[in-house]
Amino acid sequence: MKINLKIKQLRKELKITQTQLAKELGVTQVQICRWENQTFEPSYEQLMQLAIFFNVSADYLLGLVDERNNLNFSKGNK
């Protein structure tokens, strides 16, 4: 599964909107929409923010592994 679909799937699992995710990550809703529609991909820093927020590995988001491997990050440990 591609990163755009994983971002959307994880967001929907948490039952949050694009706007809510954008606020959590400090980006715009348009940016989240572009990621989910595969118009743009997240930067390295944004990828790390997504991994921490969703508590998954960057490898999972990138499609390199199929298991989520929860990381037990708290949102304060960036």
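Leu62, in this predicted model, has a relative accessibility of 46% and therefore counts as partly exposed, since that label covers values between the 20% limit for buried and the 50% limit for exposed. The residue belongs to helix H5, and when neighbours within four places in sequence are left aside, Leu62 is in contact with Ile3 and Leu47. Leu62 also shows how the fold brings together parts of the chain that are remote in sequence: Leu62 and Asn4 are 58 residues apart along the chain, yet their C-alpha atoms are 9.2 Å apart in space.

With that example in mind, we can turn to the whole chain. The secondary structure comes to 5 helices and 0 strands, and reading along the sequence gives the pattern α-α-α-α-α. Of the 78 residues in the protein chain, 38% are buried. Among contacts between residues at least 6 apart in sequence, 44% join residues that are at least 24 apart.

Helix H1, which spans residues 3-13, is a good place to see how a helix can turn one side inward. Its buried residues are Ile3, Asn4, Lys6, Ile7, Leu10 and Arg11. Seen down the axis of H1, these buried residues fall within an arc of 165 degrees, so they line one face of the helix. A general rule helps here: an α-helix has 3.6 residues a turn, so residues three or four places apart point the same way. The buried residues of H1 pack against four other helices, namely H2 (18-25), H3, H4 and H5 (58-62). One of the buried residues, Lys6, lies over the face of Tyr60, at 4.0 Å from the ring centre. After H1 comes Lys15, whose phi is positive, near 55 degrees.

Helix H3 can be read in a similar way. In H3, the residues Gln31, Ile32, Trp35 and Glu36 are buried. They cover an arc of only 135 degrees around the axis, which puts them on the same side of H3. What covers these buried residues includes H1, H2 and H4. Ile32, for instance, touches Gln18, Leu21, Ala22, Leu25 and Val27, when residues up to four places away in sequence are not counted.

Glu36, another residue of H3, deserves a closer look. Is Glu36 buried or exposed? Its relative accessible area is 6%, and because this is under the 20% limit, Glu36 counts as buried. The side chain of Glu36 is joined to that of Arg11 by a polar contact of 2.6 Å. Not counting residues up to four places away in sequence, Glu36 touches Asn4, Ile7, Lys8, Arg11 and Gln18.

Beyond the end of H3, the chain enters the loop that leads to H4. Gln38 lies in this loop between H3 and H4, and its phi is near 60 degrees, a positive value in a residue other than glycine. With a relative accessibility of 36%, Gln38 counts as partly exposed. Glu41 is found in the loop between helix H3 (29-36) and helix H4 (44-54), and at 55% relative accessibility it counts as exposed, because the value is over 50%. From C-alpha to C-alpha, Glu41 and Gln31 are 9.2 Å apart in space, while 10 residues separate them in sequence.

The helices come together in the largest nonpolar core, which has 19 residues; those with the most contacts inside it are Leu21, Leu25, Ile32, Trp35, Leu50, Phe54 and Leu61. The elements that give two or more residues to this core are H1, H2, H3, H4 and H5, and the largest share, 5 residues, comes from H4.

Phe54, one of the core residues named above, also takes part in an aromatic pair. In general, a pair of aromatic rings is described by the distance of the centres and the angle of the planes. The count for this model comes to 1 aromatic pair, formed by Phe53 and Phe54, whose ring centres are 5.2 Å apart and whose planes make an angle of 75 degrees, an edge-to-face arrangement. Both Phe53 and Phe54 are buried. In the loop between H4 and H5 we find Asn55, which has a positive phi of about 60 degrees although it is not a glycine.

Terms used:
Residues are numbered from 1 along each chain as its sequence is written. This is a predicted model: local features need pLDDT of at least 70, side-chain atom pairs count only at pLDDT 80 or more; totals for chains, interfaces and linings use all residues. Side-chain values use heavy atoms; hydrogens and water are left out. Rings of Phe, Tyr and Trp (its six-membered ring) pair if their centres lie within 6.5 Å; planes under 30 degrees apart count as stacked, over 60 as edge-to-face and the rest as tilted. Buried means under 20% relative accessible area, exposed over 50%, partly exposed in between (1.4 Å probe, protein chains only). A charge sits over a ring if NZ of Lys or CZ of Arg is within 6 Å of the ring centre and within 35 degrees of the ring normal. The arc is that of the directions from the helix axis to the C-beta atoms. Contact means heavy atoms within 4.5 Å. A polar contact is a pair of N or O atoms within 3.5 Å; within protein, one must be able to donate a hydrogen and the other to accept it, and residues adjacent in sequence count only if both atoms are side-chain atoms. A nonpolar core is a set of buried Ala, Val, Leu, Ile, Met, Phe, Trp, Tyr and Cys residues joined through side-chain atoms within 4.5 Å.
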